[in-house]
Amino acid sequence: MKRICVIGIKEDMQEVYELCESLGYEILFMVLQKRDKPQKSSYLGKGKLDSLELALKACPVEMVVINGDMEPLQHYNLETRLGVRCMDRLGLVLEIFSLNAHDRQAKLQVEKATLLYNLPLIKEWVHREKAGEHPGFMGGGEYSTRSYENFIRSRLMRIEQELESIEDDSARRSRVRKERGFHLVGICGYTNAGKSSLMNRLTKEDVLIENRVFSTLSTTTRRLSGTKKDVLISDTIGFMSDLPPYMVESFRSTLDQIFSADLILLVVDASETFELMMEKILASLQILRPHVYASQIVVVFNKIDRGRAAAEEVKINLSALHDIHDTIEISAHSGENIDALMELIISFFRYEIAMHIRLPQSPNTEKLISWLYESTDIGKVERGESVDISLFCRPQDTERIRDTVKSLSGTVLIHLPSA
Ligand SMILES: Nc1nc2c(ncn2[C@@H]2O[C@H](COP(=O)(O)OP(=O)(O)OP(=O)(O)O)[C@@H](O)[C@H]2O)c(=O)[nH]1
Ligand SMILES: [Mg+2]
């Protein structure tokens, strides 16, 4: 277990505790300096730094964790002054990411984010080195510092290329799933909200659940159990507030898989306060809304076994503000209301358009029929002089069916929303 101390300028320690806990760090002591903004060049003011130095002599640690985000200059000054590794909030997040990255895509995404995080720091070292303050990054001389920066840039290019080919593959897979008539449900929400627990409940499978942030980094897709319809459900990386754009961008392709879902379950930890829930929901909607309609989103209040009063309040505020499809309160632990959530998912995909089609006999008609069997709910096929088909389908499939029928010189006799 790594022994650390935490320093910071804000009293709210909840998040940094969670991050350190997830990494299994032992916090030996804390130093707080209340101020509005970090000190420009060394994060803490001079007096606090002096006392921190003394404290570190009396109680040495392996690392100093900063409860906030550091500028490269602050990072450089703090680390050189204290002579011990310093890590800020983003550094911790990246450390957790790298522990939890198990497949090739996640590993590359984490490496990309880590390199982008380190680049400004390396530049600061180069800058200092030019000013004659430091003999090159990590004491390796001028050549070493510059070649390290070059190495990062060329490595980033190679990572980008490999990620692109992985992304092409997964985009193709998700296109094929849609074309085969699968309905896609994406589970998203803040880290530790209980997304993987819900996934396990809905699919009766065993995705990793842990009481720590970012246990899940990659997307897992499984079939929804207990339904005849082909519904696939995906669990993925959680959201976190105030991540820099490059970090979000690094995991973009993982999130894209969620954006392409037909229905989004936005999971919220209902044991949190009203304010925190509202803040997280609004931030999540901001991430989701450019890519999906509000009408595709269901807000799922999880962990109601711990209380539901705050969730009720959030629900009232949400219904006034946003046009989301629905809300539901569940407990992935006790299983409460999971059946109702299943029903909600199934009814979302109910085939509501009734059609009656007449087509001439031909090989292309047979091709269309086999596609219809895969993608719609076929009631009856009658073969006589012509082929008569009655079916139910989703609204999004009607145009495609009409066009194909027309190209085969057939007719659509009835086209009604089903009751
Ligand atoms: N009390 C209670 N705890 C729950 C419930 N659902 C999940 N948890 C707990 O919440 C913690 C996080 O659960 P996960 O399912 O790993 O959450 P996640 O959203 O997948 O988290 P990340 O993958 O780390 O982003 C675990 O300790 C779960 O046991 C619930 O309904 N009630
Ligand atoms: Mg998870």
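Lysine 204 follows helix H7 and has a positive phi, near 55°. Helices here are DSSP runs of H or I with at least four residues, strands are DSSP runs of E with at least two, and both are numbered from the N terminus. The model is predicted, and local features need pLDDT of at least 70, side-chain atom pairs count only at pLDDT 80 or more, while totals for chains, interfaces and linings use all residues. Residues are numbered from 1 along each chain as its sequence is written, chains are lettered from A and ligands numbered from 1 in the order in which they are written, and side-chain values use heavy atoms, with hydrogens and water left out.

Helix H7 itself is largely enclosed by the rest of the structure, because eight of its nine residues are buried. Buried means under 20% relative accessible area, exposed means over 50%, and partly exposed lies in between, with a 1.4 Å probe and protein chains only. The buried residues of H7 are Lys195, Ser196, Ser197, Leu198, Met199, Asn200, Leu202 and Thr203. They pack against five strands and one helix: strand S5 (183-189), strand S6 (220-223), strand S7 (231-235), strand S8 (263-269), strand S9 (297-302) and helix H12 (338-348). Serine 197 serves as an example from H7, which covers residues 195-203. Its relative accessible area is 12%, so serine 197 is buried. With its neighbours within four places in sequence left aside, serine 197 is in contact (heavy atoms within 4.5 Å) with Ile209 and Ala332.

The wider setting comes next. The protein has 14 helices and 14 strands, and its C-alpha trace spans about 95 × 55 × 35 Å along the principal axes. Of its 419 residues, 49% count as buried. Among contacts between residues at least 6 apart in sequence, 67% join residues at least 24 apart. The domain assignment, which is automatic or taken from a database, gives domain 1 (3-87), domain 2 (98-163), domain 3 (181-348) and domain 4 (353-417). The centres of domain 1 and domain 3, taken over C-alpha atoms, are 34 Å apart.

Helices H1 and H4 form a packed pair. Two packed helices are described by the angle between their axes and the distance between the axes. The axes of H1 and H4 come within 10 Å and cross at roughly 30°. These axes are lines fitted to C-alpha atoms, for helices over the stretch in contact, and the angles run from 0 to 180 degrees between N-to-C directions. H1 passes H4 in a left-handed crossing, meaning that the near helix is turned anticlockwise from the far one by less than a right angle, whereas clockwise would make a crossing right-handed. On the H1 side the residues that meet H4 are Glu15, Val16, Leu19, Cys20, Ser22 and Leu23. Their counterparts in H4 are Arg89, Leu92, Val93, Glu95, Ile96 and Leu99.

Charged residues also take part in this pairing. Side chains of opposite charge can pair when their charged atoms come close. A salt bridge is counted when a side-chain nitrogen of Lys or Arg is within 4 Å of a carboxyl oxygen of Asp or Glu, and the structure holds 17 of them. One joins arginine 89 to glutamate 15, with the closest N and O atoms 2.5 Å apart. Arginine 89 lies in H4 (residues 89-100) and glutamate 15 in H1 (residues 14-23), so the salt bridge ties together parts that are 74 residues apart in sequence. Arginine 89 is buried at 7% relative accessibility, while glutamate 15 is partly exposed at 26%.

Arginine 89 also forms a salt bridge with aspartate 69, at 3.9 Å from N to O. Aspartate 69 sits in the loop between strand S3 (63-66) and H3, 20 residues from arginine 89 in H4. Aspartate 69 is partly exposed, with a relative accessible area of 38%.

Another salt bridge pairs aspartate 50 with arginine 81, at 2.7 Å from N to O. Since aspartate 50 is in helix H2 (residues 46-58) and arginine 81 in helix H3 (residues 72-82), the pair ties together parts that are 31 residues apart in sequence. Aspartate 50 is partly exposed at 29% relative accessibility, and arginine 81 is partly exposed at 31%.

The cysteines remain. A search of the whole structure finds zero disulfides, a disulfide being a pair of cysteine sulfur atoms within 2.5 Å. For cysteine 20, the nearest cysteine sulfur is that of cysteine 5, 10 Å away. Cysteine 20 is buried, at 1% relative accessibility.
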